[in-house]
Amino acid sequence: MRERIDEVELKEFQVVVIAPSSASFIAQFLEHFGPFPFDIYGDPSRQLYKEQGTVTMQKWKLLSKALWGAVTGKVKNFLPNDENQKEFVKNSMKTQDVYIQGGTWLYDENGQVIWHHIDSSPEDHAKLDTVLQYMEKHNSKE
C-alpha cells in the first residue's frame with residue numbers, strides 16, 4: 001500500500017490503518033518497519049475489529065497454513081531477513097493477536113461504507129487494484 005499511496009490520494013481517498021495492538025507496540029513496529037505515509041492507530045480491545053465483522057482463525061488452522069506454505073514454498077519471507085525485524089516478528093507472534101484477520105473498507109465523505117472486503121485468512125487481503133477500481137467507480141458516480 002505504501003508504495004502506491006499516490007494512486008490512492010489521486011482518487012481523493014486517504015488510508016487509515018487500524019491495528020489490533022497498543023500504541024506502544026505500534027510505535028515499536030514503526031521503528032522496525034516504518035516509515036509509512038499514513039497513520040496507524042491501535043485497537044487493542046479489538047472492539048472495532050469485532051464491530052466490523054472480522055474473523056479470528058483457529059490457532060491450529062493458521063499454524064498448519066504457515067507450515068504448509070513453508071514446506072511448499074508458497075509462503076516466502078515468512079520471517080524478515082533483517083535480524084532486528086525478525087526478532088520483532090517473533091516477539092509479535094508470542095505476544096500479539098496474530099489470529100485475528102483484517103479487512104479493507106472504503107467510506108464516502110459522509111462516513112458510509114461504499115465497499116468492503118473481510119479477510120478470511122492471511123493470504124486473503126483485498127487486492128490493491130480492486131480497491132482502486134472501487135474508488136474510481138465511486139468517484140465516477142459523483
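Is W115 buried or exposed, and what is its relative accessible area? Keep that in mind as you explore these close-ups of a predicted model.

**Close-up 1. W115 stacks on Y134.** To settle the opening puzzle, W115 is buried, with a relative accessible area of 13%. Its neighbour Y134 counts as partly exposed, at 32% relative accessibility. The ring centres of W115 and Y134 are 4.7 Å apart and their planes meet at 20°, so this pair is stacked. Because W115 belongs to strand β4 and Y134 to helix α6, the two rings tie together parts that are 19 residues apart in sequence.

**Close-up 2. Strands β3 and β4 make a hairpin.** Follow the chain along β3 (residues 103-107) and then along β4 (residues 113-118): these strands run antiparallel and are joined by 5 bridges. To find one place where they meet, look for W105, whose bridge partner in β4 is H116. Between the two strands come 5 residues, and in this turn G111 has a positive phi of about 85°.

**Close-up 3. Helix α6 has a buried face.** This helix covers residues 128-141, which makes 14 residues. At 1.5 Å a residue they should span 20 Å, and the end C-alpha atoms are indeed 20 Å apart, so expectation and model agree. The buried residues here are L128, V131, L132, M135 and H138. Viewed down the axis of α6, they fall within an arc of 120°, so they line one face of the helix. Turned away from that buried side are the exposed residues Q133, S140 and K141. What lies over the buried residues of α6? The cover includes α1, β3 and β4.

**Close-up 4. Helix α2 also has a buried side.** Here F25, I26 and F33 are the buried residues. They cover an arc of only 100° around the axis, which puts them on the same side of α2. On the other side, you can spot A23 and E31, which are exposed. Among the elements covering the buried residues of α2 are β1, β2 and α5 (83-95).

**Close-up 5. Aromatic rings gather in a cluster.** The model holds 7 aromatic pairs. One of them joins F29 and F33, with ring centres 5.1 Å apart and planes at 25°, so the pair is stacked. Both residues sit in helix α2, 4 residues apart, or about one turn of the helix. F29 is partly exposed, at 28% relative accessible area, while F33 counts as buried, at 17%. Step back a little and you will see ring pairs linking F25, F29, F33, F36, F38 and F88 into a cluster. Look for R2 as well: its charged end sits over the ring of F36, 3.9 Å from the ring centre.

**Close-up 6. Two loop residues have a positive phi without being glycine.** The first stop is E12, in the loop between α1 (5-10) and β1 (16-19). Its phi is about 65°, and E12 is exposed, with a relative accessible area of 70%. The next stop is R46, in the loop between β2 and α3 (47-51). R46 has a phi of about 60° and counts as buried, at 19% relative accessibility; the cut-off for buried is under 20%.

**Close-up 7. A cis peptide bond leads into P35.** Which residue comes before P35 at this bond? It is G34, and omega is near 0°. P35 lies in the loop between α2 (23-33) and β2 (39-42).

Note on methods:
Residues are numbered from 1 along each chain as its sequence is written. This is a predicted model: local features need pLDDT of at least 70, side-chain atom pairs count only at pLDDT 80 or more; totals for chains, interfaces and linings use all residues. Side-chain values use heavy atoms; hydrogens and water are left out. Two strands pair if DSSP finds at least two bridges between them. Buried means under 20% relative accessible area, exposed over 50%, partly exposed in between (1.4 Å probe, protein chains only). The arc is that of the directions from the helix axis to the C-beta atoms. Contact means heavy atoms within 4.5 Å. The expected span of a helix is 1.5 Å times one less than its number of residues. Rings of Phe, Tyr and Trp (its six-membered ring) pair if their centres lie within 6.5 Å; planes under 30 degrees apart count as stacked, over 60 as edge-to-face and the rest as tilted. A charge sits over a ring if NZ of Lys or CZ of Arg is within 6 Å of the ring centre and within 35 degrees of the ring normal.
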